[in-house]
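User: I am new to this structure. Please take one helix and its surroundings, look closely, and then carry on to other spots worth a visit.

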Amino acid sequence: MAAYAEVCRRHHDGTMTDADWQRWDGERLAAVLRHVADRSAFYGRHLSTVDLGRVTPRTLDRLPFTTKADLRREQHAVLSGDLGDACVYYETTGTTGPPTPCPRDAKEVVTSNLHVERAWRSMFGRYFGHRMPRVALMGPSELYAFGDTFGAVATDLGGFHAKIWPDSPRVGFAKALRLLRDLRCEVVVCAPALCLTLAKAALHHGYDLRRDFHVKLFLVLGEICTPEFAANVESIWDAPVHHTLYGSQEAHAIAAGCSANRLHIARPNYLVEVVDPDTGAARGAGDGELCLTMLVDGAKPLVRYRTGDLVSVRHGTCDCGLCGPLVEVTGRVGDELHLGGSRFRPADIETAVLGEVNGCLGYQVQVDRGADGDDRLTVRLDLLPGAGSHEQIRARVSDRLGVPTEVRVDDRLDPITNMGALVSWKAARIQDNRQEPAREVRIARAVAATYDYTT
């Protein structure tokens, strides 16, 4: 850990040279490959035909991919060692298949949290100076790393935090709002969709967002959050919205957010590839599907793990002062939508719908096949009074997505729209009537009514 701490210090200081990174990447890759080949039943088989001693960071394509299907099928066989070697157990939600075990050992916890802690220190310094704000953590904690990760970071920074999960049956929105008000929480950490649901719940329960609460900053994670979505949330709450984390149960804290609203990859922890989502061919940096090789030899390091996330990765400096390659997440591979013969990422859809829209408490896009066989859209928006011109919204969506569009105002949207981070953006936001609902959509609909903002 001493060597890791020194690399992190130099990484954050910007003093790691290309030669330093080549040495670190090569040493850590070799260590992880030995670790998984010796201790993981799955990787012992998966990598058995590869001469691991000849694999370098530049020849990663000699290794086979690890996929989500592998993790679901192999379960505990992917672990490198005994489950008892870990210090905490998490697992995936299981909404798109069997849940997979995601234990972490102490080394993985420390190396993952360190980069989030540094990012929060920088973020809070910009907005709150030398004092620590009061933080409301609004995310799941059961078998999930959200509460542990951010709770530990807040504690290490010497701050106050409260774990207030509105969707928990022990909390509910009424209690969450009361606590948010009474505890005078200034920072809310949550999924982007919850920013809107929280506002809708507050209005339902008779609160004035500006007068009754002290929220000065939203830190979001768990699903895409376009600049247009963030601007809309700010128009409602009068509080800025920043990315705080991009990660997963399987791959930990991949990137941490900054005050310039960018995401910085935790460079000491990963080898990053961008691959063609259709063919798997390497693209270097740029746009494509994110593929990760983890460099910490812990309880469950993954090798050439295809995340299923569409990203844009680039190298360069950032005004915030933090280091690390920059990643923008534009959706999941499975969430792309085919319309009028073109393919659109989730971020493309959200940008088209919410561009220049203020005061939107929620949205959903319905896709139908017209009598002429062409695709047609109906965009449903829950809007505050004076939120924007319906005709301007209709024209923008139709122009950007290339299909006829109708806009309707609806203050009783499908409750599934509140579940983006819990299922998927597409399941929550898109009602595609051209085909039978996918499994994850059926699951989301079965439980959506329990996520009721009126409770």
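Analyst:
**Alanine 201 and its helix**

Leaving aside neighbours within four places in sequence, alanine 201 is in contact with Phe173, Leu177 and Tyr453. A word of caution: this is a predicted model. Alanine 201 sits in helix α8. Is alanine 201 buried or exposed? Its relative accessible area is 0%. Buried means under 20%, so alanine 201 counts as buried. Now look along the chain to asparagine 269. Alanine 201 and asparagine 269 are 68 residues apart in sequence. Their C-alpha atoms are separated by 39 Å.

Two of the contacts of alanine 201, Phe173 and Leu177, lead to the next helix. Both belong to the contact that α7 makes with α8. Two numbers set the scene for any such pair. Packed helices are described by the angle between their axes and the distance between those axes. Here the axes of α7 and α8, the latter spanning residues 192–204, come within 10 Å. They cross at roughly 90°. Angles of 65 to 115 degrees count as roughly perpendicular, so α7 is roughly perpendicular to α8. From α7, the contact uses Phe173, Leu177 and Leu180. From α8 come Leu194, Thr197, Leu198, Ala201 and Ala202. What classes of residue make up the contact of α7 with α8? There are 7 nonpolar residues, 1 polar and no charged.

Helix α8 also packs against α10, which covers residues 227–237. The angle between them is about 25°. Their axes lie 10 Å apart. Under 35 degrees counts as roughly parallel, so α8 and α10 are roughly parallel. The two helices cross with a left-handed sense. On the α8 side, the contact residues are Pro192, Ala193, Cys195, Leu196, Leu198 and Ala199. On the α10 side, they are Phe229, Asn232, Val233, Ile236 and Trp237. This contact of α8 with α10 has 10 nonpolar residues, 1 polar and no charged. Leu198 is worth finding in the view. It is listed in the contact with α7, and it is listed in the contact with α10.

**A loop beside α8**

Stay with α7 for a moment. The loop between α7 (172–182) and β3 (187–190) holds arginine 184. Its phi is positive, about 55°, although arginine 184 is not a glycine. Most residues other than glycine have a negative phi. The relative accessibility of arginine 184 is 45%, so it counts as partly exposed.

Leucine 143 is another case. It sits in the loop between β1 (134–137) and α6 (146–156). Its phi is positive too, about 55°, and leucine 143 is not a glycine. Where does it stand on exposure? At 44% relative accessibility, leucine 143 is partly exposed.

On the other side of α6 there is a glycine to look at. Glycine 159 lies in the loop between α6 and β2 (160–163). Its relative accessibility is 22%, so it counts as partly exposed. Beyond four places in sequence, glycine 159 is in contact with Met132 and Ala154. How are glycine 159 and proline 133 placed? They are 26 residues apart along the chain, with C-alpha atoms separated by 6.7 Å.

**A histidine pair**

Turn next to helix α1 (residues 2–13), where histidine 12 is found. At 12% relative accessibility, this residue counts as buried. Its side chain is joined to that of histidine 115 by a polar contact of 3.4 Å. Setting aside neighbours within four places in sequence, histidine 12 is in contact with Leu114, His115, Arg118 and Cys323.

**One more helix pair**

Finish with helices α11 (residues 346–354) and α12 (residues 390–401). They pack at an angle of about 155°, with axes 8 Å apart. Over 145 degrees counts as roughly antiparallel, so α11 is roughly antiparallel to α12. The crossing of α11 and α12 is right-handed. Asp348, Ile349, Thr351, Ala352, Val353 and Leu354 of α11 meet Ile393, Arg396, Val397, Arg400 and Leu401 of α12. The classes in the contact of α11 with α12 are 7 nonpolar, 1 polar and 3 charged. Compare the pairs made by α8: the contact with α7 has no charged residues, and the contact with α10 has no charged residues.

Notes:
Residues are numbered from 1 along each chain as its sequence is written. This is a predicted model: local features need pLDDT of at least 70, side-chain atom pairs count only at pLDDT 80 or more; totals for chains, interfaces and linings use all residues. Side-chain values use heavy atoms; hydrogens and water are left out. Axes are lines fitted to C-alpha atoms, for helices over the stretch in contact, and angles run from 0 to 180 degrees between N-to-C directions. Helices (H or I, at least four residues) and strands (E, at least two) are DSSP runs, numbered from the N terminus. A crossing is left-handed if the near helix is turned anticlockwise from the far one by less than a right angle, and right-handed if clockwise. Contact means heavy atoms within 4.5 Å. Ala, Val, Leu, Ile, Met, Phe, Trp, Tyr, Cys and Pro count as nonpolar, Asp, Glu, Lys and Arg as charged, and the others, Gly among them, as polar. Buried means under 20% relative accessible area, exposed over 50%, partly exposed in between (1.4 Å probe, protein chains only). A polar contact is a pair of N or O atoms within 3.5 Å; within protein, one must be able to donate a hydrogen and the other to accept it, and residues adjacent in sequence count only if both atoms are side-chain atoms.
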